[in-house]
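Welcome, and please open the model in your viewer. We will go from one selection to the next, with a short look at each stop.

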Amino acid sequence: MAAKKKRALSSPSKLKNLEICSDFINDKNLPVHPVTERGTAIHKAIETGDYSQLAEDEKKLARVTEWYVESKINEAKEEGFLISKVFNELIVETSIENCWGYADKVVFMKDSEGTTKILLFDYKMGFNKVDDVEDNIQFWAYALGLLERCSHKSTIVEAHVIQPRIDWVDQHTFMMSDAPRLRQRISMIDGRRNQGHLNPQPGVCDYCGIRGTCKALFKKASRVAKAYTGDAFRMPRNFHSSEVEDPEELAKLRRLGDLMASWSASVKYNTTQARVAKGIEIPGYELVHRSNDAKASLLTVGSVVRETTQSQTLFNEFMNNCATSINISRKDFESAMSKTEGLANTDLGQKVVDALEDQDAFTGGKESAFLRKTKK
Ligand code: SF4
């Protein structure tokens, strides 16, 4: 096993975002999403065999993952392969500097003719389907690193992704002859890093550590502002509100924030109307129904706010804005959110809403339609 390094500049899991935007940097200040946190606990339970910290439904996810891994090892045994080494959380390095990452499970097997088959397993415990293994840059990097460890040209890497929450698995076999094209794609991403090929995209900028000061992202925002209000709208000099102290500049920022919020509300309304009244299918979004009278336990809502924000202050402020002590209606929840500075119309607030939607926390009441991002 390779010696552990201090950091991965282009870890396999970050490569996808770097391929989209050359200057992407992980935002280390984002709070850990509750689903991610539980995913880490499930990974640990699978690695150690200790399920004691898992809830019942999480134990099922861990068991089904282990069962799938076992079944694939048994299939290889039936083909005449014998296990030579098994690693959990193996550090897989590639020949590209600083491109390395942890693979959840790697099983090295050999048959009587000396062919090496490497079974690579990666567990995904989220709800959003990841890219197919064949195209997934993360698996390309793992496959490259594993192929580079072996010299025999008959070596193959059979890569598997297991995503039990959405009942999905996928696999692809990488051959030694694939190594040059795997290396080429990853080298290209690595070589473009920090070269200013900025490409603001939803789902990427949201997790980027420099989104507060990124010119490309703000150029997009300012185009929206101009289109919405005419050219008279005055742009702030610095969009990173935490760095601004000039009252005039703060006022510009606040006006821009309010404008973006009203533009966002208008877009939400009109796109939903297009789907409901005209039947227009909007790619990437699905029509779902929900009720403003639906209720959730305040205990559940409060714990999601606490876990998602990782902030006792925001939690206290949110709870003070709730006019109830047992169950809270969606309408009252939205009202409390809008009164809580730091959650009203912010990425963090949206994360709280998403986490509650993922848990189907609100139930009952009279339904109305809205659009939700399709879960891949
Ligand atoms: S915020 Fe800027 S640098 Fe970061 S991913 Fe978006 S476009 Fe790229």
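## Stop one: the sheet

Begin with the five strands that form an open sheet in the order β1-β2-β3-β4-β5, with mixed pairing. At its edges are β1 (82–93) and β5 (168–175), each of which pairs on one side only. Turn the view along the sheet: from one strand to the next, the twist averages 20 degrees. Now add helix α4, residues 137–149, which packs on the sheet and touches β1, β2, β3, β4 (156–163) and β5. The direction of α4 makes about 145 degrees with that of β4.

Keep in mind as you go that this is a predicted model.

## Stop two: strand by strand

Select β2 (residues 100–110) and β3 (residues 116–123). In which sense do β2 and β3 pair? They pair in the antiparallel sense, over six bridges. To see the two strands facing each other, show K105, which stands opposite F121 in β3. The link between β2 and β3 makes a hairpin, with five residues between the strands. In that turn, pick out G114, which has a positive phi of about 90 degrees.

Stay on β3 and colour it by burial. How many of its eight residues are buried? Eight of the eight are, so β3 counts as mostly covered by the cut-off of 20 or more other C-beta atoms within 10 Å. Both faces of β3 are covered. On one side you will find T116, I118, L120 and D122, and on the other K117, L119, F121 and Y123, all buried.

Next, add β4 beside β3. Here the pairing is parallel, over seven bridges. Click on D122 and then on V161, its bridge partner in β4.

Move on to β4 and β5, which run antiparallel and are joined by eight bridges. A good pair to display is I156 with M175, since the former stands opposite the latter in β5. β4 and β5 make a hairpin with four residues between the strands.

## Stop three: four loop residues

Select D167, in the loop between β4 and β5. D167 is not a glycine, yet it has a positive phi of about 55 degrees. Is D167 buried or exposed? D167 counts as exposed because it has 7 C-beta neighbours inside 10 Å.

Now follow the chain past β5 to S177, in the loop between β5 and α5. S177 is exposed too, because 9 other C-beta atoms lie within 10 Å. Draw a distance from S177 to S154: the two are 23 residues apart in sequence, and their C-alpha atoms are 9.0 Å apart.

Continue to N194, in the loop between α5 (179–192) and α6 (215–229). N194 has a positive phi of about 60 degrees although it is not a glycine. With 11 other C-beta atoms within 10 Å, N194 is exposed.

For a contrast, go back to N136, in the loop between β3 and α4. N136 counts as buried because it has 21 C-beta neighbours inside 10 Å. Leaving aside its neighbours within four places in sequence, N136 is in contact with V130 and D131. Add K16 as well: 120 residues separate it from N136 along the chain, while the two C-alpha atoms are separated by 8.0 Å.

## Stop four: the ligand

Centre the view on the ligand and show the 14 residues around it. Which of them come nearest? They are C21, C205, C208, R211 and C214. Coloured by type, the shell divides into 11 nonpolar residues, one polar and two charged. At least three residues of the shell come from each of domain 1 (12–192) and domain 2 (212–271).

## Stop five: the whole chain

Finally, zoom out and colour by domain: the chain is divided into domain 1 (12–192), domain 2 (212–271) and domain 3 (283–376). The centres of domain 1 and domain 2, taken over C-alpha atoms, are separated by 40 Å. In a cartoon view, the chain shows 11 helices and nine strands. Its C-alpha atoms fill a box of roughly 70 × 50 × 45 Å along the principal axes. Of the chain's 376 residues, 25% count as buried. Among contacts between residues at least 6 apart in sequence, 69% join residues at least 24 apart.

Terms used:
Residues are numbered from 1 along each chain as its sequence is written. This is a predicted model: local features need pLDDT of at least 70, side-chain atom pairs count only at pLDDT 80 or more; totals for chains, interfaces and linings use all residues. A residue is near a molecule or strand if its C-beta atom, placed from the backbone, lies within 6 Å of it. Ala, Val, Leu, Ile, Met, Phe, Trp, Tyr, Cys and Pro count as nonpolar, Asp, Glu, Lys and Arg as charged, and the others, Gly among them, as polar. Domain bounds come from an automatic or database domain assignment. Two strands pair if DSSP finds at least two bridges between them. Axes are lines fitted to C-alpha atoms, for helices over the stretch in contact, and angles run from 0 to 180 degrees between N-to-C directions. Two residues are in contact if their C-beta atoms, placed from the backbone, lie within 7 Å. A residue is buried if 20 or more other C-beta atoms lie within 10 Å of its own, exposed if 12 or fewer, and partly exposed in between; C-beta atoms are placed from the backbone.
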